[in-house]
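The following exercises concern the sequence and model displayed below. Each sets a task and then works through the solution step by step.

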Amino acid sequence: GMTRILCETPVMLSDACLPLWGRLLAALVLFFTAPQDDSVPNEEEEIEIDELPGYSVAFSQLNFASRTEEMDALPQFGDPREHLVVSLHNLMKQHPGILPPVIQNTLEPAIVESLAQLFREKVHPTTAFLV
């Protein structure tokens, strides 16, 4: 949804919205490139299902527990990282010269580098990102 707001909403390219556009892009890049937290919560924080009053394991059955295939909520978009950089690349082609200064002036250098790395991975490894 945020990628579509960034890349498909014409008002986002107005002078008043360009600083917001850059901050929104930075948030998306950070979201996509930040390491995922795979830690397991402490045992103290976990709720023991067997200890809940009125809960019967024999009665409770998950509706989709027997399914082994993974369900994708938005299959039309595939990889959201690829969707972001392809949409951004198309927007930059439609409006040449507008976005590179916004990206360079709004985003921190580390975020620009992360975005460039995503661009190289998902769009084309030899195409210049900020043209």
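**Exercise 1. Locate T3 and determine whether it is buried or exposed.**

Solution. T3 belongs to helix α1; helices (H or I, at least four residues) and strands (E, at least two) are DSSP runs, numbered from the N terminus. The next step is accessibility: buried means under 20% relative accessible area, exposed over 50%, and partly exposed in between (1.4 Å probe, protein chains only). The relative accessible area of T3 is 6%, so T3 is buried. The neighbours follow from contact, meaning heavy atoms within 4.5 Å. With residues within four places in sequence left aside, T3 contacts E8, L28, H83, L84 and S87.

The model is predicted: local features need pLDDT of at least 70 and side-chain atom pairs count only at pLDDT 80 or more, whereas totals for chains, interfaces and linings use all residues. Residues are numbered from 1 along each chain as its sequence is written, and side-chain values use heavy atoms, with hydrogens and water left out.

**Exercise 2. Describe the overall make-up of the protein.**

Solution. The protein contains five helices and zero strands, and the order from the N terminus on is α-α-α-α-α. Of its 131 residues, 26% count as buried. Among contacts with a separation of 6 or more, 68% come from residues 24 or more positions apart.

**Exercise 3. Test the length of α3 against expectation, and state which of its residues are buried.**

Solution. The expected span of a helix is 1.5 Å times one less than its number of residues. For the 15 residues of α3 (residues 80-94) this gives 21 Å, and the end C-alpha atoms are 21 Å apart, so the two values agree. The buried residues of α3 are H83, L84, V85, S87, L88, L91 and M92. They pack against α1 (2-8), α2 (18-33), α4 (99-106) and α5 (109-122).

**Exercise 4. Examine the start of α3.**

Solution. Consider polar contacts: pairs of N or O atoms within 3.5 Å, where within protein one must be able to donate a hydrogen and the other to accept it, and residues adjacent in sequence count only if both atoms are side-chain atoms. A side-chain oxygen of D79 comes to within 3.2 Å of the backbone nitrogen of R81.

P80 lies in α3 and, at 38% relative accessibility, is partly exposed. P80 and T3 are 77 residues apart in sequence, with their C-alpha atoms 8.6 Å apart in space.

R81 is likewise found in α3, and its relative accessibility of 27% makes R81 partly exposed. Apart from neighbours within four places in sequence, R81 contacts F32, Q36, L118 and K122.

**Exercise 5. Carry out the same analysis for α2, and place F32 within it.**

Solution. The 16 residues of α2 should span 22 Å at 1.5 Å a residue, and the end C-alpha atoms are 22 Å apart, in agreement. Buried in α2 are L18, W21, G22, L24, L25, A26, L28, V29 and F32. Their cover includes α1, α3, α4 and α5.

F32, in α2, is buried at 11% relative accessibility. Not counting residues up to four places away in sequence, F32 touches P80, R81, L84 and L118. F32 and L115 are separated by 83 residues in sequence and by 9.4 Å in space, C-alpha to C-alpha.

**Exercise 6. Which elements give two or more residues to the largest nonpolar core?**

Solution. A nonpolar core is a set of buried Ala, Val, Leu, Ile, Met, Phe, Trp, Tyr and Cys residues joined through side-chain atoms within 4.5 Å. The largest has 26 residues, and those with the most contacts inside it are L6, W21, L25, L88, L99 and I103. The elements giving two or more residues to this core are α1, α2, α3, α4 and α5. The most come from α2, with eight residues.

W21 touches L6, M12, L13, L88, L91, L99, V102 and I103, again not counting residues up to four places away in sequence.

**Exercise 7. How are α3 and α4 oriented to each other?**

Solution. Axes are lines fitted to C-alpha atoms, for helices over the stretch in contact, and angles run from 0 to 180 degrees between N-to-C directions. The α3 and α4 axes are 9 Å apart, at an angle of about 125°. Angles under 35 degrees count as roughly parallel, over 145 as roughly antiparallel, 65 to 115 as roughly perpendicular and the rest as oblique. The pair α3 and α4 is therefore oblique. At this packing, L88, L91 and M92 of α3 meet L99, P100 and I103 of α4.
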